[in-house]
Amino acid sequence: MSAWVRREFGGIGVTQHKPGRHLKAVQEPYQGKVLLCIDVSGSMSFRDGLRTRLDEARRGARQFVEEALAAHYRVGLVLWHHGVEGHVPLATDPGKLHRMLDGARADGGNNIVPTLKLGIREMGHLTGDRVIAIFGDGDLGAVDPAVRAAKEVTRHGIRIVTRGLGHASARSLSVIASDEVTESIEPGDIASGIAAMVKSVTVRP
């Protein structure tokens, strides 16, 4: 039996060349995208203890962002009331998302339609798993226009995940949801409830 053992090994490196210009196009179908939509209507200034509902929503949204990014989703943010109060486009850097959350203020009424239309503009032309994740503490505004807008969203292959604060809000938002989960978030669990939405986002149907 030979006692000779090879001591040196060589091979061609797998990272000798920079990624090609088509890399993003190749990756696109496999990368998830989620637009997190946080209610900033006037009722979000209500205090359920020492913190306002919006304070708790900020905490939950920050955790949602971090976990969605860790799951390889690009994440965008919408602050919604009767319109779109603030918007950060899909990104993989959480910095702008956190800054938008830090500056959020509660004011106005409720109308989810502008947010749904923004979701179509931002993700309708993309591929891969695309989700609009909506938290609200009240209703969604006029129901019929919201349902029509939601149907247009789903025609583009975009999922809608909703969570409402309390059973009444959850029922109201559920009419536009494309998933079967209609869980409500209790007043003391706003932060954890929003953060937990990421599970419904990243478990792809």
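A residue counts as exposed when its relative accessible area is over 50%. Keep that cut-off in mind for this predicted model, starting with H72. Its relative accessible area is 59%, so H72 is exposed. H72 sits in the loop that links helix 2 (53-70) to strand 2 (73-80). The backbone there is worth a look too: H72 isn't a glycine, yet it has a positive phi of about 70°.

Now step back into helix 2 and pick out F64, which belongs to this helix. Is F64 buried or exposed? Buried means under 20% relative accessible area, and F64 comes in at 0%, so it is buried. And what is F64 in contact with, once neighbours within four places in sequence are set aside? The partners are V34, L36, A133, I194, A195, M197, V198 and V201. There's a long jump along the chain to S192 as well: F64 and S192 are 128 residues apart in sequence, while their C-alpha atoms are 9.2 Å apart in space.

Helix 2 also packs against helix 3 (residues 95-102), with the two axes 10 Å apart and at an angle of about 170°. Angles over 145 degrees count as roughly antiparallel, and therefore helix 2 and helix 3 are roughly antiparallel to each other. On the helix 2 side, the contact is made by R58, A61, R62, V65 and E66, and helix 3 brings L97, H98, L101 and D102. Sorted by class, this contact of helix 2 with helix 3 has four nonpolar, four charged and one polar residue.

Definitions and conventions
Residues are numbered from 1 along each chain as its sequence is written. This is a predicted model: local features need pLDDT of at least 70, side-chain atom pairs count only at pLDDT 80 or more; totals for chains, interfaces and linings use all residues. Side-chain values use heavy atoms; hydrogens and water are left out. Helices (H or I, at least four residues) and strands (E, at least two) are DSSP runs, numbered from the N terminus. Buried means under 20% relative accessible area, exposed over 50%, partly exposed in between (1.4 Å probe, protein chains only). Axes are lines fitted to C-alpha atoms, for helices over the stretch in contact, and angles run from 0 to 180 degrees between N-to-C directions. Angles under 35 degrees count as roughly parallel, over 145 as roughly antiparallel, 65 to 115 as roughly perpendicular and the rest as oblique. Contact means heavy atoms within 4.5 Å. Ala, Val, Leu, Ile, Met, Phe, Trp, Tyr, Cys and Pro count as nonpolar, Asp, Glu, Lys and Arg as charged, and the others, Gly among them, as polar.
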